[in-house]
Amino acid sequence: MKKIFIINGGQHFAHSGGTFNATLTDWTAEFFKNELSAEVKITNINEPYIPEEEVKNFVWADLIIYHTPVWWFHLPYKLKEYIDLVFTAGHKAGIYVSDGRSRHNDSPKLHYGTGGSLHGRKYMLTTSWNAPIEAFTVPGEFFDEHSVDDVMMGVHKMNRFTGLSKVQGFNFHEMEKDVTPEKIEQDKKEYIEHLNIISKSL
């Protein structure tokens, strides 16, 4: 039985109620429970949590899924706080041992980022944006043809540092303007198709 840990990073703040990421979490949990008969655990960063218990979730999981909106081109601050607290609690407790360098080898300046403890596990990042996909793909537009993965490089390096392997993520665009029930249904259809594809690699 596969073990899936979902982190709902849809922070409640100002005009954001985190509704879409809550819906997305439901879609994901339903898919893995129904299609793979997987065991699923969920953390909502808006609710109280114990960092040491969250460390156990990372160690337990075969696949960790982050659902996050992108605020000012970064993670919401409560999701970043969650990561800071949980990964710190995971030092020598299952998430990472060191930064990977050693004074005892021939190249003590090399091998940075290889001290993670989560090898053999995978992660997937989903992001939701106000920005349209054209902001990333059209020459001269805002992101200068850099991909979402380029913008979110810090998140990917963070996971690599812990030893996790990347599974292709999924991005939702224009989630503030012109959102209609029809758009959400189309997004859901495409996302479930994506989960069907990536589930074959688990």
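Which residues form one aromatic cluster with Trp27? They are Phe20, Phe170, Phe172 and Tyr191, which together with Trp27 make up the cluster. Keep in mind as we go that this is a predicted model.

Let's start in the interior. In soluble globular proteins, nonpolar side chains tend to be buried together. Here, the largest nonpolar core has 30 residues, and Ile7, Phe58, Ile64, Tyr66 and Tyr82 are the ones with the most contacts inside it. Quite a few elements chip in: β1 (3-8), α2 (51-60), β3, α3, β4 (122-128), α4 (134-137) and α6 (153-162) each supply at least two residues of this core. The top contributor is α3, which gives five residues.

To get a feel for the packing, click on isoleucine 64. Leaving aside residues up to four places away in sequence, Ile64 touches Phe5, Ile7, Phe58, Lys122, Tyr123, Met124 and Leu164. There is also a second core, separate from the big one, with 20 residues, including Phe20, Phe31, Leu63 and Phe172. Two of these names, Phe20 and Phe172, should look familiar from the aromatic cluster we opened with.

Now for the rings. With ring centres within 6.5 Å as the cut-off, the count comes to 19 aromatic pairs. One of them joins phenylalanine 5 and phenylalanine 58 edge-to-face, at 5.4 Å centre to centre and with 80° between the planes. Phe5 sits in strand β1 and Phe58 in helix α2, so this pair links distant parts of the chain, 53 residues apart. How accessible are the two partners? Phe5 is buried, at 0% relative accessibility, and Phe58 is buried too, at 0%.

Another edge-to-face pair brings together tyrosine 49 and tyrosine 82, with 5.0 Å centre to centre and 70° between the planes. Tyr49 lies in the loop between β2 (39-44) and α2, while Tyr82 belongs to helix α3, so the pair ties together parts that are 33 residues apart in sequence. Tyr82, already met among the best-connected residues of the largest core, counts as buried because its relative accessible area is 0%, under the 20% limit.

Finally, head out to the surface. Trp72, Phe73 and Phe142 form a nonpolar patch there, with about 430 Å² of accessible area together. Look for Trp72 in the loop between β3 (63-69) and α3 (77-89). Is tryptophan 72 buried or exposed? With a relative accessible area of 74%, Trp72 is exposed, because the cut-off for that label is over 50%.

Notes:
Residues numbered from 1 in each chain as written. Heavy atoms only, no water. Patch = residues over 30% accessible without salt bridge, like charges linked within 9 Å, V, L, I, M, F, W, Y side chains within 5 Å. Areas by Shrake-Rupley, 256 points an atom, 1.4 Å probe, with all protein chains shown as cover. Salt bridge = Lys/Arg side-chain N within 4 Å of Asp/Glu carboxyl O. Helix = DSSP H or I, 4+ residues; strand = E, 2+ residues; numbered from the N terminus. Buried < 20%, exposed > 50% of the residue type's maximum accessible area, 1.4 Å probe, protein only. Core = buried A, V, L, I, M, F, W, Y, C linked by side-chain atoms within 4.5 Å. Contact = heavy atoms within 4.5 Å. Phe/Tyr/Trp six-rings, centres within 6.5 Å; stacked < 30°, edge-to-face > 60°.
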